Amino acid sequence: MLEFRQVHKAYATPQGPLKVLDGVDLSLNAGESLALMGESGCGKSTLLHLAAGLDLPDRGEVRLADRVISSLGEADRARLRRETLGLVFQQFHLVPSLCVLDNLRLQARLAGRERPNWTAELIERLGLAGLEKRYPEQLSGGQQQRLAIGRALAPRPALLLADEPTGNLDESTADQVLELLLALVRDTGCALLMVTHSPRVAAPLDRRLQLSHGRIG
Ligand SMILES: Nc1ncnc2c1ncn2[C@@H]1O[C@H](COP(=O)(O)OP(=O)(O)OP(=O)(O)O)[C@@H](O)[C@H]1O
């Protein structure tokens, strides 16, 4: 589903290149869930951005759904991302001018996979029934993050990439949102790569990997 082969990435800084990934190998099978852990600044978000084709490695290869996403041009990367991936970040990235229902519909439509029955089921399971016509700013933080998860899963992606998806929520809301995310991932058979610094959040996933000194330990 997702594979990194000897991936290297450095950022240009005024002090010279900052080496962040230094030969990362990683492989995630279809339907599998993986927690990527490591200290702040070790390169977890960088790795996730490379997995999504939002950025490119300096060396090495990133394969997504049997395509080498790191060799594709920007338009092809965007298409592969739309067709294959769901993305959930700490900031919700909802469309503020669209209501709950249209936020969900838009994402499915962009992927060319609108399924009204699935959208309706999602709204129920997200606990957003009755709030379909509300705009994101009229929702609580937990509701917004549930909507962001629903939006990512609306097109039934093969892989969900999540960057600290409960990082902005209080502990009990975070627990509920995480439980919902894992249940939806399990029921849709979607693979999951989740960045988290929290062992508690990582515990229920199939595997846990540590990123340190630019490599997977
Ligand atoms: N565009 C950029 N230009 C220069 N340096 C960057 C850039 N993006 C990230 N960095 C640096 O690269 C390193 C890795 O950043 P990254 O965001 O991947 O870490 P992280 O493990 O996700 O951190 P956190 O857990 O704090 O979110 C950090 O030292 C960061 O300051």
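**Entry 1: the four-stranded sheet**

Two strands count as paired if DSSP finds at least two bridges between them. With that rule in hand I opened the model, which is a predicted one. I found an open sheet of four strands, ordered β2-β1-β4-β5, with antiparallel pairing. I noted β2 and β5 as its edge strands, since each pairs on one side only.

I then went through the pairs. Strand β4, residues 59-64, is joined to β1 by five bridges in the antiparallel sense. I looked up one position here and saw Leu-2 opposite Leu-64 of β4. Strand β5 covers residues 67-68 and runs antiparallel to β4, with two bridges between them. Here Leu-64 has Arg-67 of β5 as its bridge partner. I recorded β4 and β5 as a hairpin with two residues between the strands. Ala-65 lies in that turn and has a positive phi of about 50°.

**Entry 2: the six-stranded sheet**

Next I traced another open sheet, this one with six strands in the order β6-β7-β8-β3-β9-β10 and mixed pairing. Which strands stand at the edges? They are β6 (85-88) and β10 (215-216); each has a single partner strand, so one side of each is left without a neighbour in the sheet.

Inside this sheet I checked β3 (residues 33-37) and β9 (residues 207-212), which run parallel and are joined by four bridges. Leu-36 has Leu-209 in β9 as its bridge partner. I also found a helix on the sheet: α5, residues 141-153, packs there and touches β6 and β7 (159-163). The direction of α5 makes about 165° with that of β6.

**Entry 3: the nonpolar core**

I looked for the largest nonpolar core and found that it has 54 residues. Among the residues with the most contacts inside it are Leu-36, whose bridge partner I had already noted, and Leu-160. Helix α6, residues 171-188, gives the most to this core, with six residues. As a general note, nonpolar side chains tend to be buried together in soluble globular proteins.

I followed Leu-160 further. Leaving aside neighbours within four places in sequence, I listed its contacts as Gly-86, Val-88, Ala-152, Leu-153, Val-185, Cys-190 and Leu-192.

**Entry 4: Gln-176**

I stayed with helix α6 and looked up Gln-176, which has its place there. Is Gln-176 buried, exposed or partly exposed? I counted 16 other C-beta atoms within 10 Å, so Gln-176 is partly exposed. A buried residue would need 20 or more, and an exposed one would have 12 or fewer. I also compared Gln-176 with Leu-18: they are 158 residues apart in sequence and 37 Å apart in space, C-alpha to C-alpha.

**Entry 5: the ligand**

Last I looked at the ligand. How many residues surround the ligand? I found 13, and the closest are Tyr-11, Ser-40, Lys-44, Ser-45 and Thr-46. The elements β1 (2-13), β2 (16-28) and α1 (44-51) each supply at least two residues of this shell. Helix α1 gives the largest share, three residues. By type I sorted the shell into four nonpolar residues, eight polar and one charged.

Key
Residues are numbered from 1 along each chain as its sequence is written. This is a predicted model: local features need pLDDT of at least 70, side-chain atom pairs count only at pLDDT 80 or more; totals for chains, interfaces and linings use all residues. A residue is near a molecule or strand if its C-beta atom, placed from the backbone, lies within 6 Å of it. Ala, Val, Leu, Ile, Met, Phe, Trp, Tyr, Cys and Pro count as nonpolar, Asp, Glu, Lys and Arg as charged, and the others, Gly among them, as polar. Two residues are in contact if their C-beta atoms, placed from the backbone, lie within 7 Å. Axes are lines fitted to C-alpha atoms, for helices over the stretch in contact, and angles run from 0 to 180 degrees between N-to-C directions. A nonpolar core is a set of buried Ala, Val, Leu, Ile, Met, Phe, Trp, Tyr and Cys residues joined through C-beta atoms within 7 Å.
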